[in-house]
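This report looks at how two chains meet, how they are related, and what a few local features look like. Please keep the sequence and the structure in view while reading.

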2 protein chains.
Amino acid sequence: MAILEVFLLLFAVQFGVESKPITYNTSQGIVTGKLNVHLVPHTHDDVGWLKTVDQYFVGSNNSIQGACVRNVLDSLVPALLADRNRKFIYVEQAFFQRWWREQGEIVQDIVKKLVYSGQLELINGGMCMHDEAATHYIDMIDQTTLGHRFIKQEFDQTPRIGWQIDPFGHSAVQAYLLGAEVGFDSLFFARIDYQDREKRKGEKTLEFVWRGSKTLGSSAQIFSGAFPANYEPPSDEFYFEVNDASPIVQDDMDLFDYNVQDRVDAFVAAAMSQANITRTNHIMWTMGTDFKYQYAHTWFREMDKFIHYVNKDGRVNALYSTPSIYTDAKFVANQSWPLKTNDFFPYADRINAYWTGYFTSRPALKRYVRTMSAYYLAARQLEFFKGRNKLRPNTDTLADALAIAQHHDAVSGTEKQHVANDYAKRLSIGYVEAEELVSSSLGCLVESTKSHSCGKPITTFEQCPLLNISYCPPSQLDFTKQKSLVVLVYNPLGWKREDVVRIPVISSSVAVWDASGKEIESQILPIVDASGGMRNEYVKAYLGRSPSDAPKYWLAFVASAPPLGYSSYTVYNAKQTAASSVISSVQTLQGHENGTIEVGQGNLKLIYDKERGKLTQYTNKRNLIKASVEQSYKFYKGHIGNDNDPQVIPQASGAYVFRPNGTYPINTDGEFPMTVLKGPVLNEVHQQINPWISQITRVYKVKEHAEVEFTVGPIPVGDGIGKEIVTQITTNMKTNKTFYTDSNGRDFIKRIRDYREDWDLQVNQPVSGNYYPINLGIYMQDSTTELSVLVDRSLGGSSILDGQIELMLHRRLLYDDSRGVAEALNELVCVDNDCRGLIIRGSFYFRIDPLGEGAKWRRITGQEIYSPFLLAFAEETSGSWAKSHVASFSGIAPSYSLPDNVALITLQELEDGQVLLRLAHLFEVGEDKDLSAMASVELRKLFPTKKISKVTEMNLSANQERAEMEKRRRVWRVEGMLNEEPKVVRGGPVDPAKLVVELSPMEIRTFVIDLE
Amino acid sequence: MAILEVFLLLFAVQFGVESKPITYNTSQGIVTGKLNVHLVPHTHDDVGWLKTVDQYFVGSNNSIQGACVRNVLDSLVPALLADRNRKFIYVEQAFFQRWWREQGEIVQDIVKKLVYSGQLELINGGMCMHDEAATHYIDMIDQTTLGHRFIKQEFDQTPRIGWQIDPFGHSAVQAYLLGAEVGFDSLFFARIDYQDREKRKGEKTLEFVWRGSKTLGSSAQIFSGAFPANYEPPSDEFYFEVNDASPIVQDDMDLFDYNVQDRVDAFVAAAMSQANITRTNHIMWTMGTDFKYQYAHTWFREMDKFIHYVNKDGRVNALYSTPSIYTDAKFVANQSWPLKTNDFFPYADRINAYWTGYFTSRPALKRYVRTMSAYYLAARQLEFFKGRNKLRPNTDTLADALAIAQHHDAVSGTEKQHVANDYAKRLSIGYVEAEELVSSSLGCLVESTKSHSCGKPITTFEQCPLLNISYCPPSQLDFTKQKSLVVLVYNPLGWKREDVVRIPVISSSVAVWDASGKEIESQILPIVDASGGMRNEYVKAYLGRSPSDAPKYWLAFVASAPPLGYSSYTVYNAKQTAASSVISSVQTLQGHENGTIEVGQGNLKLIYDKERGKLTQYTNKRNLIKASVEQSYKFYKGHIGNDNDPQVIPQASGAYVFRPNGTYPINTDGEFPMTVLKGPVLNEVHQQINPWISQITRVYKVKEHAEVEFTVGPIPVGDGIGKEIVTQITTNMKTNKTFYTDSNGRDFIKRIRDYREDWDLQVNQPVSGNYYPINLGIYMQDSTTELSVLVDRSLGGSSILDGQIELMLHRRLLYDDSRGVAEALNELVCVDNDCRGLIIRGSFYFRIDPLGEGAKWRRITGQEIYSPFLLAFAEETSGSWAKSHVASFSGIAPSYSLPDNVALITLQELEDGQVLLRLAHLFEVGEDKDLSAMASVELRKLFPTKKISKVTEMNLSANQERAEMEKRRRVWRVEGMLNEEPKVVRGGPVDPAKLVVELSPMEIRTFVIDLE
């Protein structure tokens, strides 16, 4: 260490102030009584956007964008060493970790010193600056945890600041959960609605206290600041990247163009201007922007001079700072701040420019991210059961891939196509590794009760990630050849559950037995041709090979699995067995008949008008709901941005911005046949809506909601017009402009059409200005009922008319929307150089409940949709698989189950063998009369085979003890609030003797558990 | 020093190979038997072009061009420290010295180590990479010396390589004088004619031995290389500036897009391609270009990888190198090289693109540079006589300004207008300081014989830099008020000389006395109105103030001054004295008369046709020359570059390129009156050629040449057409396509129209392709006579028809010629925001001699034109100034004079008190029957008042002893030359006892002399 200190000293001497002919005094701190200009040197490094994350890191593909993060970090170290007053914040851990891995020990030691001294502050600290609209809160937590734990481990630091400077609107969950619950002292961002910003500038309310959660209220509030303009320097006079055109401070009197006074004047003027819209005498200058500081020296050299000369001038006080220092100064100022609730969606940066298109952009990527998110959750459970393997296979690759996919130009869909491909490729690589781990963990589990000592199991389980297009080679077994198929159904949820499993088979003559050898009810449904075509094309596109013969049938049966456990089912050739699957009845309606057809074997019935081929009514015989419901499709023409008004900046609809240019119904009354399949497990209604939209509506006997599986695309654009496809569910409910959408799949927020809580909205886009992101679902209410829709991925939706809900399912556009991506959102799928528009298949789920009863379905079914059964397949010939194997399993204590209102959202073995556990209460206060209550979980039951030696409650990102975090939490003064703050109830501390965790509504509690 | 070594070690450890997870072996040297790819990292930093030198240095004005040399040098130091195998060459001392001044001692020590170790090699080493067409050899020597002596002083290094990679054509003087005579081992450049280059590539003759001087032949030859394309990396795949788009070597297997083999293949392919056009197995890659290495790390990082992986691959050998190492390798290869004589003018980079416009571009700047060059020479003499002052005023500022004005985008005229203004401003600032020094030195000299002990003299001399526009406040004395004017006439030449002095006066009633009090003949010439108008406008433009009343007369008299000395003359009111100046007779010819008028009081007579108002005949009664001579003007329309031929790249005439689009005579037969002034000193013929061209032809009684002072401009462009103005001297000589132009004012080179010595010329521009730069003069011969023209600045000229010489005097163009300057060459002069095209005033001189007798006039008068009398003025009222002052002076021994064939081109006191002396033989071998002979100079006579303690002969740039240089000189094998090399005679060593310097033809000898 001594040698390093010599090094640091020498470096300081060499580049520092001591030896320079011109010496700059950069040591200034805060000066009370002066306007303090906090210069915050930073770089904003997108974890993929126009280039892939690796291209940004290494600086390749610069013809697209000149950007190289390796340069930034390489050049930063000497620049910080050169002057101990210089500071820098670094944000994106995906880049930082790439760089860190390449460094030798000496550089690592130097950087650690820089971090310890506060010169280099790692803030935000997730792997990426995640999006806030299209991200699920579990993914946000996971990617933040990944970054935060790395920082904790390598630097013993906990990031103090939320720094979401670029995402396109800001969510309530970001503020309270990924902000306050992570332990951040403040949250900064740049993008809020232009109308909102103008008002806030006038009222000096760009900084405020944000309470994102109705339920957790002041217990999870955070001091937040929206920047006056963007996250760049205050004007074009203060950019100092190599070759930037801002005037430098020329202070060498021996050279021409000496300009110190001129530059100081410009600095002071910019500072005064910002001071006029800011409370307290502290303002922050974000000194940097995208991928800057490639040669960090150039920025610091100029900032050194500004600090020196501006302070010599004396009108304002300039200092090197960080958001932490700035936040501390704001706190010390003891100012009252306005209160902000809810969120900052939707975001428009100017008239006609609502960034609500990206809620849906790249729906296939969004779905892939969601699928992998759930898979990662399940895989970590199975990794824990098997025992974590430091060598591969493990879940780390998938963790990394998922983490960067949360970036605000990743799952958001606002990246270039080749970058979207890169995210998908990374997910795929991560999946393949996790799949191997999952298979082997399941193999171990079926072969032994002592799972932890399993090496390489004999049983080889295969999985079917392309099941949604009926591609599942292991299930296409020829059962006539004495083979049977073991279907392992793993349930990642903390409660027992039953659900319908559907697998493609080549024979209709099959039977399904459960683990006890009992035959269970099953149903055969023919696979329609259209699906076969898509299967061939997409398997070729994804796997590069043509699939074998298409299966002809879906086999469906109701499977049930214990909490965190599996059941196994065996599919046999029916001829070997007494019983057989029921083959569905098929009824094709050509649209010439009158009358209705009723669909549904259980409580829920859907009634269709035969002539129009359309859903008309919804009934539930259990709760006596009866409602008129229609479901239809329409499209918006994407605006091409040909505005003639010279006052208005032209705006096309594109990857970011949704700007419709007219609404076009897709009317198919009776034009296409409707086919109804019925059987004991489920009924299906197949509808071809038009040549490029079809759907299958499923009503399961055991469920009280309808599932609509839509297939949209290729959207035709031969007419030169981009199209954005929505589906609408229309009722005659009187919803009074009001609907509810979730925040990152967690809290529901009330939305009122053409209205904003914070300002008097000037409506210029009556459709896109009312769009909100949907991750979990959307619902609306009238005086007696509520209609809820749940989704299988993030998308945009709204209620444009009372009684109606619409979801945007797919977008294909031909113009770029001028926000930098410089590509039209025109996704293609190519096979042998033949490219066609992307087809999207997905599902949404809807249900009508009596008023006040919908939350239970939304929350619990929402969790089931997020975490479907994980299916694994094995072939067997013995005929007695269940006898020789552990045919069912639960990871938790027998007969124990999590409460209905609690989900286990993380169960993960950490690198050091500790266990990371997160439990989430699923309900908000007042949401459900029974379930919006305190819940409790017995930890011992979760680890039945192990002894808990220690339980440490952590903050959300598990980089600090919760108690420590709470101790440090600051109480900000809120305008108009005196001492009447409502008391927020939270679960109490965990008694080490009882080991019971209490969870209050919306509470998520994170534990690190030591097991013996 | 120990602490620095620790520092270096640590640095090496930190950034070097030892600690990196990926280690690169960059230690490779030359490998015999393999193709060696010499990677030569370099930056090409124009000392002004689109931005001023200071703007380039500090990185301001980046909106014009992103460039900051401070970044280059700041970032270079750590990059070199990081790996001792890395190398870099730095070229432009103007930048290097600016940077050096800003560094503290520690950095300076580190850089010294880098230089000593050879990691950082300072090559070329002048203040700038001087132009080779528009520069005078004295300026080239001075600016090179300035840089070389700094390098010697700070680093004890002598640059080994000439590196003229960007100038637009290459001169013979550069090769033999500024190359071989400086002691360079080789000379590299990029720009040669595209036809020449193609041939050389095919014949592998891009590298050769260049003998630039007929006279000095092999004794001043240099190994030279023209690059295969330019001075950049071999293809667009090898640029590594921050944000450059070349593919980097991605060798981190943990990241995507690993591409090592692909990059190695590209490297090898590029190397093989270059090897195919190169002799020996050594090729050089110039790894850099304009203003690159702003973050040097980015280049070295990639080159490290290339060296590592390419050598691992093994097909070729890649190494860090410098031109020195490369030259050594070429020498060791013991190859024979082709011989090159003469020069590389003119330069065309493609069809229609002859870079011959810049020979004339910005004629006012070119004249200003020439004037200042001569002034600097004289001022240094006077500085020496007074004793050098380390404090101001001294000549250093002017030296610096002149040095950078030699840059190949400075005096060349190819810079942006604001940059041209900057050069002029610097010259002006330097001049003002030197003027103060000169005045004070002259003051000292007139006040005391012991000049070295002079402090601040009482006598205040004023000088008149705007004399050419008759602005000279001190001479506009009101002589009636008992005042008289002392005119000190300083002669910087080494021989006694007489010349006509002309000064503006307000009264015609004056008389001139010499220092002995004897009245001398003088003549009064009325000043014409046109000049008065220009005087007012340009004084306002240059000085920002309106001049006082215009003088009405020129007073002319023949002054005579001793070598390196002055005489003084006094101008009195004629009424005080017996005699008076002769008032010229004035005859105005309206063009209606027949017959001729003869002009000239001495041997030379010019005969004009009265009716046409034109010169028709030239006679010299001494040598009986009688010749028909016409002199006229015409203009070329500047091509606007509207080529339709898709095969041809459009090309306009512009700052660089001369591309005429038709020739237009300026016919004025009898249209304007011609005025003839006659008197005892000189006769003048005033002709208004057209509304914007006038001229005064002067025939002096004591001279046998005609002087033509032209005034051209503002060139009208209201017709949208740029124009390039030439004057032609037309005879009926039979010149057989042949003419002679000087090389940088030194050697004359034979030119043959439409012909190149080195290849079979494809003529596509019959005018501009025959243009050559003229610094001293141009001449042509027939069987009996030779006609010589001398110029007062650099310009372009040719002989487009036999018997005719043309000079391009001025250019005003409206289109940019696409070579980067991005401005049309449209010079304006603005007064109170009223801008008009620039007016050019200048002179050329012509004379006809019997064949073989012209050289004497060209050489001696050429020297007099270069170094005119330096005039200084003082007012006096005593009436007996000469008695109370030292009225005449010579710096050398009384009655001593340099031989007619020798010029003193440097006499300068160095910083350490030593004296730098340069003597130049002015004649080539065979040029004059008497003067092309060995000459000798007695050094003791040059320092009559001091004792010479030591004389050290130096190389041309005075950074090494000549003997050492000769010892190191390499003998390159020349193709076809065996041992029949003609012996070159040179002056012998200086005998310390005799102290006589012998000078052979064209020899320049440089001495550092210690005086006691």
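## The area between the chains

In this predicted model, chain A and chain B bury about 4500 Å² between them, and 62% of that area is on carbon and sulfur atoms. The size of an interface is often given as the accessible area lost when the parts come together. Counted by residues, the interface involves 56 residues of chain A, which are in contact with 56 residues of chain B.

## Polar contacts and salt bridges across the interface

Between chain A and chain B there are 18 residue pairs in polar contact, with both residues of each pair at pLDDT 80 or more. The elements of chain A that each give two or more residues to the side touching chain B are α1 (2–15), α2 (53–58), α3 (69–81), α4 (93–102), α5 (105–116), α10 (297–313) and α14 (417–447). Of these, α1(A) gives the most, with 8 residues. Sorted by class, this side of chain A has 24 nonpolar, 17 polar and 15 charged residues.

How many salt bridges are found across the interface of chain A and chain B? The rule finds 2 there, whereas a search of the whole structure finds 136 over all chains. At the interface, B:Asp74 forms a salt bridge with A:Arg301, and their closest N and O atoms are 3.1 Å apart. The side chains of B:Arg301 and A:Asp74 also meet in a salt bridge, with 3.1 Å from N to O. Because B:Arg301 lies in helix α10 (residues 296–313) of chain B and A:Asp74 in helix α3 of chain A, this pair joins two chains.

## How the two copies are related

Two copies of a chain are related by a rotation about an axis and a shift along it. Here, a rotation of 180° with 0.1 Å of shift along its axis superposes chain A on chain B, with an RMSD of 0.1 Å, and that is the relation of a two-fold axis. The same surface serves both copies, since 100% of the contact residues of chain A recur in chain B.

## An annotated region of chain A

An unreviewed UniProt entry carries the annotation "domain: Glycoside hydrolase family 38 central", which covers residues 353–427 of chain A. Over residues 353–427 the chain is 60% helix and 0% strand, and the C-alpha atoms at the two ends are 32 Å apart.

## Local features of the backbone

In chain A, a cis peptide bond joins A:Phe345 and A:Pro346, with omega about -10°. A:Pro346 has its place in the loop between β11 (339–341) and α12 (363–386) of chain A. In chain B, the peptide bond from B:Phe345 to B:Pro346 is likewise cis, with omega near -10°, and B:Pro346 lies in the loop between β11 (339–341) and α12 (363–386) of chain B.

Which sign does phi have at B:Asp754? Although B:Asp754 is not a glycine, its phi is positive, at about 60°. This residue, B:Asp754, is found in the loop between β32 (747–752) and β33 (772–774) of chain B.

Definitions and conventions: Residues are numbered from 1 along each chain as its sequence is written. Chains are lettered from A and ligands numbered from 1 in the order in which they are written. This is a predicted model: local features need pLDDT of at least 70, side-chain atom pairs count only at pLDDT 80 or more; totals for chains, interfaces and linings use all residues. Side-chain values use heavy atoms; hydrogens and water are left out. Contact means heavy atoms within 4.5 Å. Buried area is the accessible area (1.4 Å probe) that two parts lose on being put together, summed over both. A salt bridge is a side-chain nitrogen of Lys or Arg within 4 Å of a carboxyl oxygen of Asp or Glu. A polar contact is a pair of N or O atoms within 3.5 Å; within protein, one must be able to donate a hydrogen and the other to accept it, and residues adjacent in sequence count only if both atoms are side-chain atoms. Helices (H or I, at least four residues) and strands (E, at least two) are DSSP runs, numbered from the N terminus. Ala, Val, Leu, Ile, Met, Phe, Trp, Tyr, Cys and Pro count as nonpolar, Asp, Glu, Lys and Arg as charged, and the others, Gly among them, as polar. UniProt positions are given in the numbering used here, feature names are shortened, and annotations may be inferred rather than shown by experiment. Copies are superposed by least squares on the C-alpha atoms of residues with pLDDT of at least 70 in both.
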